[in-house]
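Good morning, and thank you for making time for this item. Please look at the sequence and the structure before I turn to individual residues.

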Amino acid sequence: MHSMFMLQMYLVDNQGNINFPILGIIHVEGLTRNQLVTYLQTEIGKDVKDPIVYVSIRNYKITVLGEVRNPGTYTMDSEKITILQALGRAGDLNLTAERDGILLIREENGVPRHYTIDLKSAELLNSPYFYLQQNDVIYVPASAERVASATMATGIWSTALSSVTTTVSLVTLVISL
């Protein structure tokens with residue numbers, strides 16, 4: 001029995017294609033991982049008996065922004081990542097985070113779409129947005145209380161700074177007289 005194991009990585013170009021030996025250019029954009037496996041097994045199977053094909057995405061990235069401990073772009077080690085796992089990877093939500101108004105930005109057919117996610121809803125597990133896709137962006141907004149307190153604090157500091165400026169101007173005027 002003779003077996004040959006070959007691991008090869010292929011980069012998807014800007015047009016969504018890979019250049020596969022013998023098969024040539026294959027358009028993979030829009031295919032699921034399983035669809036690509038089936039296609040490659042069928043095509044390679046024309047020349048090789050019972051080929052075993054494994055496809056994985058090596059640069060699966062998710063971006064998490066806003067009211068999380070560690071906002072940023074994360075490379076995931078699995079293609080099946082949930083929104084909860086992505087938020088956990090970003091250090092979880094801050095105490096000031098809005099939990100029912102999380103924004104998911106996902107590109108579909110070249111157009112960015114926006115979806116609101118409620119982490120407190122029991123329906124989250126059945127949501128089509130529970131599992132994330134390559135290049136999804138999650139934005140966690142601040143709660144209304146946090147925004148209000150920040151606005152009030154900014155207003156207090158503005159008033160205090162204005163009073164200090166007025167006092168310094170008055171002292172300068174008195175000294176110059």
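Is Y10 buried, partly exposed or exposed? With a relative accessible area of 31%, Y10 is partly exposed, because that value falls between the 20% limit for buried and the 50% limit for exposed. I should say at once that we are looking at a predicted model.

Let me continue with the aromatic rings. There are three aromatic pairs by the rule applied here. One of them joins Y10 to F20 in a tilted arrangement, with 4.9 Å from centre to centre and 35° between the planes. This pair connects distant parts of the chain, since Y10 belongs to the segment before β1 while F20 lies in strand β1, ten residues apart. F20 counts as buried, its relative accessibility being 14%, whereas its partner Y10 is partly exposed.

Another of the pairs is formed by F130 and Y131. Here the geometry is edge-to-face, with the centres 5.3 Å apart and an angle of 80° between the planes. Which of these two residues is buried? F130 is, at 7% relative accessibility; Y131, at 39%, counts as partly exposed. Y131 has a further partner: K80 lies over the face of its ring, at 5.0 Å from the ring centre.

I return now to strand β1, which covers residues 17-20 and includes N17. N17 is buried, because its relative accessible area of 16% is under the 20% cut-off. With which side chain does the side chain of N17 make a polar contact? The partner is the side chain of H27, at 2.7 Å. Apart from neighbours within four places in sequence, N17 is in contact with L11, V12, I25, I26, H27 and V28.

Finally, I would draw your attention to the backbone at two positions. I22 is not a glycine, yet its phi is positive, near 70°. This residue sits in the loop between β1 and β2, the latter spanning 24-27. I22 is exposed, because its relative accessible area of 81% is over the 50% limit.

The second position is D92, also a residue other than glycine, with a positive phi of about 75°. Where is D92 found? D92 is in the loop between α2 (83-89) and β5 (102-108). Its relative accessible area is 43%, and D92 is therefore classed as partly exposed.

That concludes my remarks, and I thank you for your attention.

How values were computed
Residues are numbered from 1 along each chain as its sequence is written. Side-chain values use heavy atoms; hydrogens and water are left out. Helices (H or I, at least four residues) and strands (E, at least two) are DSSP runs, numbered from the N terminus. Buried means under 20% relative accessible area, exposed over 50%, partly exposed in between (1.4 Å probe, protein chains only). A polar contact is a pair of N or O atoms within 3.5 Å; within protein, one must be able to donate a hydrogen and the other to accept it, and residues adjacent in sequence count only if both atoms are side-chain atoms. Contact means heavy atoms within 4.5 Å. Rings of Phe, Tyr and Trp (its six-membered ring) pair if their centres lie within 6.5 Å; planes under 30 degrees apart count as stacked, over 60 as edge-to-face and the rest as tilted. A charge sits over a ring if NZ of Lys or CZ of Arg is within 6 Å of the ring centre and within 35 degrees of the ring normal.
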